[in-house]
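This report describes the fold, the helix packing, the principal pocket and a few individual residues of one protein chain. Please read it alongside the sequence and the structure shown here.

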Amino acid sequence: MTEPTSPVPQDPLTRVPATPFPDLRSATVTAEWLDTDTKLPCYHDTRRWNGWGMPYFTLEAGKQLASLMPNLQYVEARDAFIHTARELDEEELEFVGQVIVVNGQTIKAYPIGAGYWCWDAPE
């Protein structure tokens, strides 16, 4: 059995293997719930969710985000960032690590909030 040469990440909206994404590239992203000077490094492609960005974060950037959001934590045993519900009608969200390809290099990244939260368009 051979390893695939181009891993295909899960689509954050459907949670099933996605068709190959458009080229992912480095960017920064912010959101209205973060301080105005906060810009987080991420990877993104041209897809949008209702016009909002759908970033992928490295483990380090995800931990930086978790330090700014008390309801977000990295759970090593699940290799995922977990966002715990604050309201009774909210559900726990899990953002599992995925392998993405950026400039021909494989990188593990986490689609934290992609398809759920209103991220500004990555720059």
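## Overall fold

In the protein chain, 47% of the contacts between residues at least 6 apart in sequence join residues at least 24 apart. The model from which this value comes is a predicted one, and every value that follows was likewise computed from that predicted model.

The protein chain contains one helix and seven strands, and these elements, read along the sequence, follow the pattern β-β-α-β-β-β-β-β. The chain has 123 residues, of which 42% count as buried.

## The helix and its packing

Helix α1 spans residues 59-68, and within this helix A61, G62, L65 and A66 are buried. Seen down the axis of α1, these buried residues fall within an arc of 145 degrees, so they line one face of the helix. The general geometry is relevant here: an α-helix has 3.6 residues a turn, so residues three or four places apart point the same way.

The buried residues of α1 pack against three strands, namely β2 (40-44), β3 (72-75) and β4 (80-83). On the face of α1 turned away from this buried side lie the exposed residues E60 and S67.

## The largest pocket

The largest pocket encloses about 270 Å³ of space. Its lining is made up of W33, L68, M69, P70, N71, L72, H83, R86, E90, Y116, W117 and C118, and, when these residues are sorted by class, eight are nonpolar, two are polar and two are charged.

Some of the lining residues also belong to elements described above: L68, which lines the pocket, falls within the residue range 59-68 of α1, while L72 and H83, also in the lining, fall within the ranges given for β3 (72-75) and β4 (80-83), respectively.

## Cysteines

A search of the whole structure finds zero disulfides. Two cysteines can be described by their accessibility: C42 is buried, with a relative accessible area of 3%, whereas C118 is partly exposed, with a relative accessible area of 31%. C118 is also one of the residues that line the largest pocket.

## A buried loop residue

T38 is placed in the loop between β1 (25-29) and β2. Is this loop residue buried or exposed? The relative accessibility of T38 is 13%, and T38 therefore counts as buried, given that the cut-off for a buried residue is under 20% relative accessible area.

Leaving aside residues up to four places away in sequence, T38 touches V29, T30 and L68. Of these contact partners, L68 is also among the residues lining the largest pocket.

Notes:
Residues numbered from 1 in each chain as written. Predicted model: local features only at pLDDT ≥ 70, side-chain atom pairs only at ≥ 80, totals over all residues. Heavy atoms only, no water. Buried < 20%, exposed > 50% of the residue type's maximum accessible area, 1.4 Å probe, protein only. Helix = DSSP H or I, 4+ residues; strand = E, 2+ residues; numbered from the N terminus. Arc of directions from axis to C-beta. Contact = heavy atoms within 4.5 Å. 1 Å grid on protein atoms, 1.4 Å probe; cavity = no way out; pocket = protein on both sides within 12 Å on 5 of 7 lines; lining within 4 Å. Points joined across faces, edges and corners; volume = space filled by probe spheres on them. Nonpolar A, V, L, I, M, F, W, Y, C, P; charged D, E, K, R; others polar. Disulfide = S-S within 2.5 Å.
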